[in-house]
Amino acid sequence: MNLISFSLIFTGVMLNAAAQILMKAGTNAIGHFEFSVANILPIGWKLATEWHIITALFCYGISVVVWILALSRVPVSIAFPMLSMAYVVNAIAAWYLLGEAFNPTKLVGMGVIIFGVIIISRA
């Protein structure tokens with residue numbers, strides 16, 4: 001895999017991870033809510049106007065374009081498993097930025113993901 005292909009995959013992973021963290025930050029800002037007929041419009045409006053969520057959707061849109069470029073250069077059997085690195089990035093970012101729990105079990109799971117990506121990328 002050349003530097004451009006790797007950069008596209010890495011950018012796609014990071015945009016996807018950023019979008020997830022932004023979505024969570026947006027739902028944290030809005031707070032817990034239930035969907036019902038009575039609150040579809042108020043909650044829908046809050047979601048549609050929350051800057052974290054708007055930015056997350058923008059990241060998703062850009063990530064689709066980047067991912068299409070990556071898939072034009074790399075076999076999907078190699079590119080798609082690398083997307084799992086977003087789990088690792090998200091776990092660390094959620095711990096650091098959102099104060100979510102981080103424990104040895106997550107660390108082992110992240111190690112398995114990293115090891116799997118290394119194996120697949122060498123195939």
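**Close-up 1. The lining of the largest pocket in this predicted model.** Start with the 13 residues that line the largest pocket; those nearest its centre are Phe6, Phe10, Met82, Met85 and Val117. The volume of this pocket comes to about 270 Å³. Three helices, α1 (3–30), α5 (85–98) and α6 (104–122), each bring at least two residues to the lining. Of the elements involved, α6 gives the most, with five residues. If you are thinking about chemical character, the lining of the largest pocket divides into 11 nonpolar residues, one polar and one charged.

**Close-up 2. The second largest pocket and the residues around it.** Here the volume is about 230 Å³. Which residues line the second largest pocket? From α1 through to α5, look for Asn16, Gln20, Phe80, Pro81, Leu83, Ser84, Ala86, Tyr87 and Asn90. The elements that supply two or more residues to this lining are α1, α4 (76–82) and α5. With three residues, α5 gives the most to the lining of the second largest pocket. Sorted by class, this lining holds five nonpolar and four polar residues, and no charged ones.

**Close-up 3. Helix α1 from end to end.** How many residues does α1 have, and what span should they give? The helix has 28 residues, and at 1.5 Å a residue they should span 40 Å; the C-alpha atoms at its ends are 40 Å apart, so the expected span and the model agree. Now zoom in on the start of α1, where a side-chain oxygen of Asn2 comes to within 3.2 Å of the backbone nitrogen of Ile4. Past the other end, α1 is followed by Gly31, which has a positive phi, near 95 degrees.

**Close-up 4. The largest nonpolar core.** This view takes you to a core of 18 residues. Which of them have the most contacts inside the core? They are Ile9, Cys59, Trp67, Ala70, Val74, Ala79 and Met82. Two or more residues of this core come from each of α1, α3 (51–71) and α4. The element that gives the most to the core is α1, with seven residues. You may recognise Met82 from the first close-up: this residue is among those nearest the centre of the largest pocket, and it is also one of the residues with the most contacts inside the core.

Notes: Residues numbered from 1 in each chain as written. Predicted model: local features only at pLDDT ≥ 70, side-chain atom pairs only at ≥ 80, totals over all residues. Heavy atoms only, no water. 1 Å grid on protein atoms, 1.4 Å probe; cavity = no way out; pocket = protein on both sides within 12 Å on 5 of 7 lines; lining within 4 Å. Points joined across faces, edges and corners; volume = space filled by probe spheres on them. Helix = DSSP H or I, 4+ residues; strand = E, 2+ residues; numbered from the N terminus. Nonpolar A, V, L, I, M, F, W, Y, C, P; charged D, E, K, R; others polar. Expected span 1.5 Å × (residues − 1). Polar contact = N/O pair within 3.5 Å; in protein donor to acceptor, adjacent residues only side chain to side chain. Core = buried A, V, L, I, M, F, W, Y, C linked by side-chain atoms within 4.5 Å. Buried < 20%, exposed > 50% of the residue type's maximum accessible area, 1.4 Å probe, protein only.
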